[in-house]
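This report goes through a single protein chain, from one helix residue to the core and the loops. The sequence and structure are shown first.

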Amino acid sequence: REESLFDVRKRLVNEVERLRKEKERKKKGGTSQNVTIAVNMVAKRSLPKDLIKRGDIEEISAEAFELEHIFLDNMGISKIDNLECFNKITHLYLQGNMITTIEGQEVFEKISSS
């Protein structure tokens with residue numbers, strides 16, 4: 001598949017932002033934090049902002065578990081876990097993270113078979 005200029009630019013911008021964040025963390029004397037995927041993280045990035053603003057936890061959870069596309073790119077994630085509750089997931093965007101651990105690999109089997 002041929003990448004459009006827009007896709008190339010977006011990928012480069014994301015990579016520059018990831019490197020900038022990593023440099024800031026190192027400057028503060030820390031290393032990459034252990035960041036694990038959580039439902040609130042998925043909701044903030046993948047659900048409509050007006051739904052999040054309403055703050056109805058049950059509605060947000062119900063909508064989050066129905067997501068087919070989950071956007072978790074450039075979030076400093078080091079561990080993939082806690083995705084088994086997302087039964088309808090077909091696309092998972094994880095680029096620009098520092099993933100070192102993957103648990104619950106059956107989620108990826110569902111994604112690749114859909």
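S61 is partly exposed, with a relative accessible area of 22%. The residue is found in helix α4. Its C-alpha atom is separated by 7.8 Å from that of A43, and the two residues are 18 apart along the chain. A43 is one of the buried residues of helix α2. S61 does not count as buried, because its 22% is not under the 20% cut-off.

The model is a predicted one. Its mean pLDDT is 78, and 85% of the residues reach 70 or more. By element, confidence is highest in β1, with a mean of 90, and lowest in α5, with a mean of 68.

**Overall architecture**

The chain contains 5 helices and 4 strands. Along the sequence these follow the pattern α-α-α-α-β-β-β-β-α. The chain has 114 residues, of which 27% count as buried. Its accessible surface comes to about 8,000 Å², and carbon and sulfur atoms account for 53% of that surface. Of the contacts between residues at least 6 apart in sequence, 42% join residues at least 24 apart.

**Helix α2 and the core**

Helix α2 spans residues 39–46, and its buried residues are M41, V42, A43 and S46. These buried residues pack against α3 (49–54), α4 (57–65) and β1 (69–71). α4, one of these partners, is also the helix that holds S61.

The largest nonpolar core has 21 residues, and within it I37, I70, L72 and L92 have the most contacts. At least two residues of this core come from each of α2, α4 and α5 (106–113). The most is given by α2, with 3 residues.

L72 is in contact with I37, M41, V42, R45, I77, L92, Y93, L94 and N97, leaving aside neighbours within four places in sequence. Two of these partners, M41 and V42, are among the buried residues of α2. I37 and L92 are, with L72 itself, among the residues with the most contacts inside the core.

**Two asparagines in loops**

N97 lies in the loop between β3 (91–93) and β4 (101–102), and N74 lies in the loop between β1 and β2 (79–80). Both values of relative accessible area are listed below, together with that of S61.

| Residue | Place | Relative accessible area | Class |
|---|---|---|---|
| N97 | loop between β3 and β4 | 12% | buried |
| N74 | loop between β1 and β2 | 13% | buried |
| S61 | helix α4 | 22% | partly exposed |

Which backbone oxygens does the side chain of N97 reach? One is that of L72, at 2.8 Å. Another is that of L94, at 2.7 Å. L72 and L94 are also in contact with each other.

Not counting residues up to four places away in sequence, N97 touches R18, L72, D73, N74, M75, G76 and I77. N74 is thus one of the residues that N97 touches. N74 has a positive phi of about 55°, although it is not a glycine. N74 counts as buried because its 13% relative accessibility is under the 20% cut-off. N97 is likewise buried, with 12%.

L72 ties these parts of the description together: L72 is among the residues with the most contacts inside the core, and its backbone oxygen is reached by the side chain of N97.

Note on methods:
Residues are numbered from 1 along each chain as its sequence is written. This is a predicted model: local features need pLDDT of at least 70, side-chain atom pairs count only at pLDDT 80 or more; totals for chains, interfaces and linings use all residues. Side-chain values use heavy atoms; hydrogens and water are left out. Buried means under 20% relative accessible area, exposed over 50%, partly exposed in between (1.4 Å probe, protein chains only). A polar contact is a pair of N or O atoms within 3.5 Å; within protein, one must be able to donate a hydrogen and the other to accept it, and residues adjacent in sequence count only if both atoms are side-chain atoms. Contact means heavy atoms within 4.5 Å. Accessible areas come from the Shrake-Rupley method with a 1.4 Å probe; for residues, only the protein chains shown count as cover. A nonpolar core is a set of buried Ala, Val, Leu, Ile, Met, Phe, Trp, Tyr and Cys residues joined through side-chain atoms within 4.5 Å. pLDDT is the predictor's confidence in each residue, from 0 to 100.
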